[in-house]
Amino acid sequence: KIVNGLLNLARPGKGDAAGPVDVNAVINDVLALLEHQFQTANIRLRRELSSTPTVVLGVEFKLQQVFLNLFLNARDAMSTGGWLSITSRVEDTCAVIEVADTGTGIVSEDLPRIYDPFFTTKGGEGSGLGLAMVYDMVKLAGGEVKLGNGVRGACVTLRLPLRRPETQPTGGLALLVEDNPELRAQVREMLTGIGHSVIEASSVE
């Protein structure tokens, strides 16, 4: 609850409007917020984030909640400490993020129910809503979630569709015709401001 409150304060007024979100930046923000908790729990980080832009279409605060839940689940699975590995890469049209820990892993019979609301392996300490929320938010962003056991503990893989940068129009040559010199000057300034070269005239003739 404390961490969720801090995240609320960290992004005031963002609302729920979807827009371009840098996944790597979100991961770094959440890790910075949890740094002290990881140190206290003797959890070491292995972070390998893609140098290729990993911008997706989503709601920043919701993606923060996704990684917050994944990182806290990993922490809880490593009661005596361990390694938390976060990697991101670009594959075709998707950003692929893997979160792996060296904890207890997931019992095979629990895997079919792992995304069910209120299903928890933490007894009375868990709400059973964390992974259900992760699943729903990733699906809403057009992505996929795969959860299973890695080499030593649990591994979660997210695939989120990339948002390609919008192509900006290149400057051209504009003919500006306006008999009002003040208005012509304003329009000329606007046109040059967006990269156009301008030829101007005070009349059609």
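This is a guided tour of the structure in your viewer, one selection at a time. Keep in mind that you are looking at a predicted model.

**Stop 1: strand E7 and its partners**

Start by selecting residues 154–161, which make up strand E7. Is this strand mostly open to the outside or enclosed? Six of its eight residues are buried, so the rest of the structure largely encloses E7.

Now add strand E5, residues 94–101. E5 and E7 run antiparallel to each other and are paired over seven bridges. To see how the two strands line up, pick Ala-100 and look across to Cys-155 in E7, which stands opposite.

Next, bring in strand E6, residues 144–149. E6 is also antiparallel to E7, and six bridges join the two. Here the pair to click on is Asn-149 and Ala-154 of E7, which stand opposite one another. If you follow the chain from E6 to E7, you pass through a hairpin of four residues.

**Stop 2: the nonpolar core**

Select Phe-67, Leu-70, Phe-71, Leu-84, Ile-97 and Leu-158 and show their side chains. These six touch the most other members of the largest nonpolar core, a group of 38 residues. Which elements give two or more residues to this core? They are H2, helix H3 (60–77), E4, E5, helix H4 (130–140), E6 and E7. Colour H3 if you want to highlight the main contributor: H3 gives eight residues, the most of any. As background, nonpolar side chains tend to be buried together in soluble globular proteins.

Stay here and centre the view on Ile-97. Apart from neighbours within four places in sequence, what is Ile-97 in contact with? On the list are Val-23, Ile-27 and Phe-67, then Ile-86, Thr-87 and Ser-88, and finally Val-156, Thr-157, Leu-158 and Leu-160.

**Stop 3: charged side chains**

Six salt bridges are found in the structure. The general idea is that side chains of opposite charge can pair when their charged atoms come close.

Select Arg-89, Glu-91, Glu-98 and Arg-159, four residues linked in a network of salt bridges. Within this network, look at Glu-91 and Arg-89, whose closest N and O atoms are 2.7 Å apart. Then turn to Glu-91 and Arg-159, which meet in a salt bridge at 3.0 Å, N to O. Glu-91 belongs to strand E4 and Arg-159 to strand E7, so this pair ties together parts that lie 68 residues apart in sequence. Several of these residues are partly exposed: Glu-91 has a relative accessibility of 28%, Arg-89 has 31% and Arg-159 has 27%.

For another salt bridge, go to Asp-76 and Arg-75, with an N to O distance of 2.9 Å. Asp-76 is partly exposed at 36% relative accessibility, and Arg-75 is partly exposed as well, at 23%.

**Stop 4: two loops with unusual backbone angles**

Select Asn-42, in the loop between helix H2 (23–40) and strand E2 (43–48). Asn-42 is not a glycine, yet its phi is positive, at about 60 degrees. For context, most residues other than glycine have a negative phi.

Asp-92 gives you a second example, with a positive phi near 55 degrees. You will find Asp-92 in the loop between strand E4 (82–91) and strand E5 (94–101). Is Asp-92 buried or exposed? Its relative accessible area is 69%, so Asp-92 counts as exposed.

**Stop 5: a nonpolar patch and strand E9**

Switch on the surface and select Leu-173, Leu-175, Val-177, Ile-199 and Val-204. These residues form a nonpolar patch with about 550 Å² of accessible area together. Strand E8, residues 173–177, gives the most to the patch, with three residues. Leu-173 lies in this strand and is exposed, with a relative accessible area of 64%.

Finish at Ala-201, in strand E9 (residues 197–201). Ala-201 is partly exposed, at 25% relative accessibility. Beyond its neighbours within four places in sequence, Ala-201 is in contact with Leu-176, Val-177, Glu-178 and Arg-184. As a last selection, add Pro-181: Ala-201 and Pro-181 are 20 residues apart in sequence, and their C-alpha atoms are 9.7 Å apart in space.

Technical notes: Residues numbered from 1 in each chain as written. Predicted model: local features only at pLDDT ≥ 70, side-chain atom pairs only at ≥ 80, totals over all residues. Heavy atoms only, no water. Buried < 20%, exposed > 50% of the residue type's maximum accessible area, 1.4 Å probe, protein only. Pairing = 2+ DSSP bridges. Core = buried A, V, L, I, M, F, W, Y, C linked by side-chain atoms within 4.5 Å. Contact = heavy atoms within 4.5 Å. Patch = residues over 30% accessible without salt bridge, like charges linked within 9 Å, V, L, I, M, F, W, Y side chains within 5 Å. Areas by Shrake-Rupley, 256 points an atom, 1.4 Å probe, with all protein chains shown as cover.
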